[in-house]
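User: Please take a close look at a single part of this chain, the loop residue you think worth starting from. Then work outward and tell me how its surroundings fit into the rest of the fold.

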Amino acid sequence: MDGLDDDAALVPVTGTVVFALVAASAPAGQALSLAAAGIAAQRQLLSRAAALVQAPQGRVVERQGDGLLLLFTHTDAAVAWAQASQALCPVVGQHAPGTLALRVGAHHGQMLSDGDALFGHSVNLAARIAAVAGPGETLLSASAQAQASPPWREQMEDLGPYYLKHFDEPQQLFKLPASIPLGMTDTA
């Protein structure tokens with residue numbers, strides 16, 4: 001028995017699903033040590049990022065190794081969380097060897113939930129977007145960008161179409177700025 005309830009009802013849920021993955025930098029030609037200290041630092045970063053999720057606008061759905069799966073009722077809450085979480089890490093471009101950063105991907109859409117886990121296209125798309133984000137970057141799908149309020153949308157950079165693994169059609173992606181513009185934290 002695996003402990004999973006195969007009879008749990010799946011219900012449709014609409015929201016902004018976010019994947020946040022820890023990215024660690026290492027000197028060229030060297031593998032990053034996953035010693036206990038490195039793992040402890042990753043866990044601490046993820047715990048601090050998870051603590052920034054505020055109910056009822058968002059919830060931590062799952063924490064796996066070097067990542068978080070989150071669900072937000074509105075894209076603005078997801079974007080505000082991403083900005084606050086990115087602020088826990090060094091500034092983009094200043095990642096010294098051995099430092100940690102987050103790669104964040106977000107998509108707004110419909111998915112299925114059994115009350116604990118999320119399933120479906122929207123979850124897969126958010127994961128693939130996070131996978132192409134660079135260290136310290138937050139990337140959003142076109143639907144997440146469209147759901148954001150105008151002040152947030154105006155700050156996003158259109159990166160154009162991206163071909164993502166297991167998706168036949170290119171996905172239009174948008175990038176959040178590396179820092180929080182004055183007054184933006186009040187929009188979520």
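Analyst: Start at Ala 117, which sits in the loop between β4 and β5 (118–119). The model is predicted, so local features are taken only where pLDDT is at least 70. Ala 117 counts as buried, because its relative accessibility is 18% and the cut-off for buried is under 20%. Beyond its neighbours within four places in sequence, Ala 117 is in contact with Val 61 and Leu 112.

Next, look across to Leu 10. The C-alpha atoms of Ala 117 and Leu 10 are separated by 9.6 Å. Along the chain, the two residues are 107 apart. Leu 10 belongs to the segment before β1. Its relative accessible area is 47%, so Leu 10 is partly exposed. Leu 10 also joins Leu 112 and Phe 119 in a nonpolar patch on the surface. Together these three residues have about 260 Å² of accessible area. Leu 112 thus appears twice here: in the patch, and as a contact of Ala 117.

Now move on to helix α3 (residues 121–132), where Ser 122 is found. Ser 122 counts as buried, because its relative accessibility is 2%. Its side chain reaches the backbone oxygen of Gln 110 at 2.9 Å. Setting aside neighbours within four places in sequence, Ser 122 is in contact with Val 17, His 107, Gly 109, Gln 110 and Met 111.

Then comes the interior. The largest nonpolar core has 29 residues. Those with the most contacts inside this core are Val 18, Leu 68, Phe 72, Trp 81 and Met 156. The elements giving two or more residues to it are β1 (11–24), α1 (36–51), β3 (67–72), α2 (75–86) and β4 (100–113). Helix α2 gives the most, with 6 residues. A second, separate core has 11 residues, including Leu 21, Leu 118, Ala 126 and Ala 130.

Leu 68 shows how the largest core is knitted. Apart from neighbours within four places in sequence, its contacts include Val 18, Phe 19 and Ala 20. Leu 46, Ala 49 and Ala 50 are also among them. So are Val 60, Glu 62, Arg 63 and Trp 81. Val 18 and Trp 81 are themselves listed with Leu 68 among the residues with the most contacts inside that core.

Past α3, a charged pair comes in. By the rule used, the count is 1 salt bridge. It joins Glu 137 to Lys 175, with the closest N and O atoms 3.2 Å apart. The pair links distant parts of the chain, 38 residues apart. Glu 137 is in the loop between α3 and β6 (138–141), and Lys 175 is in strand β8 (residues 171–175). Lys 175 counts as partly exposed, because its relative accessibility is 26%.

Finally, step back to the whole chain. It has 5 helices and 8 strands. From the N terminus, the elements run β-α-β-β-α-β-β-α-β-α-α-β-β. Of its 188 residues, 41% count as buried. Among contacts between residues at least 6 apart in sequence, 69% join residues at least 24 apart. The accessible surface comes to about 9,900 Å², and 53% of that belongs to carbon and sulfur atoms.

Key: Residues numbered from 1 in each chain as written. Predicted model: local features only at pLDDT ≥ 70, side-chain atom pairs only at ≥ 80, totals over all residues. Heavy atoms only, no water. Core = buried A, V, L, I, M, F, W, Y, C linked by side-chain atoms within 4.5 Å. Buried < 20%, exposed > 50% of the residue type's maximum accessible area, 1.4 Å probe, protein only. Helix = DSSP H or I, 4+ residues; strand = E, 2+ residues; numbered from the N terminus. Contact = heavy atoms within 4.5 Å. Patch = residues over 30% accessible without salt bridge, like charges linked within 9 Å, V, L, I, M, F, W, Y side chains within 5 Å. Areas by Shrake-Rupley, 256 points an atom, 1.4 Å probe, with all protein chains shown as cover. Salt bridge = Lys/Arg side-chain N within 4 Å of Asp/Glu carboxyl O. Polar contact = N/O pair within 3.5 Å; in protein donor to acceptor, adjacent residues only side chain to side chain.
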